[in-house]
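Subject: Structure for your reading

Dear colleague,

I am handing over the structure we spoke about, with my notes on what I found in it set out underneath. Please read them with the coordinates open beside you.

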Amino acid sequence: MAFSGRLNRQEAAQLSALLAFLAKSAAAIVGMAALTACALLLHANLATIGLIYFLSVVLVALHWGFAQATVLSVVAVLCQCYFFIPPIYTFYIADPQNYVALAVFEFSALLVSRLSARERSNAREADAHRRSMERLYEFSRRTLQLDLHLPPGSQLLHLVTEIFAVDAVAIFDSDLDTIDVFGPFPLDPKEMARNTCYFEMNQDYDDLDLSRRVLRLGTVSIGALLIGGRLNPLTVDAIASLIAITFDRYRAFSSEAKAEAAHRTEQLRTTVLDGLAHAFKTPLTAIRTASSGLMELGEMKPAQADLAALIDEQAVLLNEMTTRLLQTARLEANEVSLQPENIAIVDLIEEVAAEHSGKLGDHPLQVSISDKSLATRGDRELLATIVSQFVDNAAKYSHPGSSIEISAQESASEILIAVHNEGPPIRPQDRERIFERFYRCPDTMHQAPGTGIGLSIAKKAAEVHNGHVWVVSDEQEGTTFFLSILGSKGGVLEHAQS
C-alpha cells in the first residue's frame, strides 16, 4: 500500500506541474493580448511592438522559464504577422524581408530566453547549493554537541529531520542490529537498511524520492542511512559521512569510558588484595607458631600429631598464597623496588632446580644451557619466581613420569629461558588468557589445584624487567613456556623504582 501511495503522489506531482505550465502559459498569452490591444490603440509601428514583444519574452523567461517563453515567442510572431505586417489582419506576408525580420525576432527571442532561463537555473542551483552547505554546516556543528553518553542513532535522526526537513529517515547500526526510524517508507526500513549495509548498495530512486547510503569507517561497513525526500545526492553522501563519523566518536568515547572504569576497578581490586594479604599475614604467623610449638612439645598422641602437622602444612600453603597476593598487588601498583644485580643464568636455573628437586614427584628435571657465560642484570628474586612458576606449572599439568626440561640460549641481544613439558595442549584461545590473574583453562582447571595467580605474577615480573612471557603448545611437541629478557650485552636494566 505504501509503494502504491508513493506512485500516486508522483503522478499527482506531475499533473500539478502540467497544470502550472498551462496556467502560466495562459497568463503570458493574456498579457500578450493586452499589450497587442494597447499597441493597436496607440498605433504603434512594427519596430516598437517588436521591441515590446521581445522584452516581454525575456521577462517571462526570467520569471517562469524557457518553456513558457517559447510559447510566448510563437504567439508574439503570430501577432506581429497578423496585426502589424501588411497586409494586416491576415497571416499572408507580401514583403519577403518581413519573413527575415520575423525569423530574426524568433531566433533572438528564443536565444535570449534560453540564456535567461539558464542563468535563472544556475542562480537557483547556486542558491540551493548555498542552502545545502549551510544546512550541512549546521548539522556538523550540532553533531559535535551530541551527548555521547547516549546512543547517537535517535539524536542524529532528530537532527536530520529538523535541519533537512525530509519526509522520512532511518539510521541502522549494524553492531547492535538496531534501527531508528522516522516517517513512512515504501518497504520495511530495517530490511532495506540491512541489505544496504551488507550488500553495500548506494542508490537514489527519483521515482520514490528515496536515497540509501552505506555508513563506512574506512572500508568497513558499520550501518546504513535511508532518506525519503528530495535531496541532492552529494548532500546525502555528506550526511552519511557525518553520521558515520559520529558513530565512530561514540564508540571511541564508550571504549575510553569502559577502559577508565576497568582501570578504576583494577586499582580497587589491587588495593583490596593488598589489604587482605596483609591482614592474613598476622593470623597465619600465629597459627604456624602454635602448630610448630605443639609438634615440638612431643607429648601428643599420633592422631593429634598428624592433625598438628596438617595444620602446619596448610598454614604454609596459605602463607605462600598470601605472599603471592602481596607480590601481585605490588606489581600491579608498580610499587616493587627492584634490587638489580648481575646474574649468571646458569646459577639462577640451578638454584631453581635445587629448590624443586624434592617437589616434582616422578617428573625428572633436565637442565640444558648452550652457553654457560649467559648473564643478565635484574632482580634475582623476581626472575627466579618466573622460572619457578613455569616449573610448578609444568609439574602440575604434565603427563605422569614425563620429564621437565629447563633450557636457556641467547638470541640476538636477548636471553630466552624455556621450560618444556609433555602434557595436554593449551587451546589457542587460552594462550594469552592464562597470564591474566585468576584465569584457569576450563579443560584442565580440575586436573590440579591452583589459584590462577602464578602466571600473572610471572608476566608482571617480566614486564618490570622490560621482558615478556608467552607459551607455545601443541599435541605433538608438548607445551613450552618462554621468558625473554635482555642479556648483559643488551644494556643495563633501567626501571623506575617507587
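Helix H10 passes helix H11 in a left-handed crossing, and the axes of these two helices, which span residues 380-397 and residues 454-464 respectively, come within 9 Å and cross at roughly 150 degrees. On the H10 side the contact is made by Leu-382, Thr-385, Ile-386, Gln-389, Phe-390 and Asn-393, while H11 contributes Gly-454, Leu-455, Ile-457, Ala-458, Ala-461, Ala-462 and Val-464. Sorted by character, the residues of this contact divide into nine nonpolar and four polar, with no charged residue among them. Please bear in mind, here and in everything below, that this is a predicted model.

From H11 the chain runs on through a loop to strand S11, and Asn-466 is found in that loop. Its phi is near 60 degrees, a positive value in a residue other than glycine. Glu-200 belongs with it in these notes, since phi of Glu-200 is near 50 degrees, again positive in a residue that is not glycine. As background, most residues other than glycine have a negative phi, which is the reason for listing these angles. Glu-200 is placed in the loop between helix H6 (189-199) and strand S3 (203-205), and with a relative accessible area of 41% Glu-200 is partly exposed.

Next come the strands that follow H11. Strand S11 (residues 468-474) and strand S12 pair in the antiparallel sense over seven bridges, and S11 and S12 form a hairpin with three residues between them. Within this pairing, the bridge partner of His-468 in S12 is Ser-484. S12 also pairs with strand S10 (residues 414-421), likewise in the antiparallel sense, over eight bridges, and there Glu-414 stands opposite Leu-486 of S12. How enclosed is strand S12 by the rest of the structure? Eight of the nine residues of S12 (residues 478-486) are buried, so the strand is largely enclosed.

Elsewhere, I looked at Leu-148, which lies in the loop between helix H4 (96-143) and helix H5 (152-164). Although Leu-148 is a loop residue, its relative accessibility is 14%, so that it counts as buried. Which residues does Leu-148 touch, if those up to four places away in sequence are not counted? The answer is Arg-249, Tyr-250 and Phe-253. In the same part of the sequence as these partners, Ser-254 is 106 residues from Leu-148 along the chain, and yet the C-alpha atoms of Leu-148 and Ser-254 are separated by 7.9 Å.

Finally, the cysteines. The structure holds zero disulfides. Cys-79 is in no disulfide, and the nearest cysteine sulfur to that of Cys-79 belongs to Cys-81, 10.0 Å away. Why is there no bond from Cys-81 to its closest cysteine? The closest cysteine sulfur to that of Cys-81 is in Cys-79, and because the separation is 10.0 Å, it is too far for a bond, given that a disulfide requires sulfur atoms within 2.5 Å. Both residues lie out of the solvent by the criterion used, with Cys-79 buried at 12% relative accessibility and Cys-81 buried with a relative accessible area of 6%.

With best wishes

Definitions and conventions. Residues numbered from 1 in each chain as written. Predicted model: local features only at pLDDT ≥ 70, side-chain atom pairs only at ≥ 80, totals over all residues. Heavy atoms only, no water. Buried < 20%, exposed > 50% of the residue type's maximum accessible area, 1.4 Å probe, protein only. Helix = DSSP H or I, 4+ residues; strand = E, 2+ residues; numbered from the N terminus. Contact = heavy atoms within 4.5 Å. Axes fitted to C-alpha atoms, helices over the stretch in contact; angles between N-to-C directions. Left-handed = near helix turned anticlockwise from the far one by under 90°. Nonpolar A, V, L, I, M, F, W, Y, C, P; charged D, E, K, R; others polar. Pairing = 2+ DSSP bridges.
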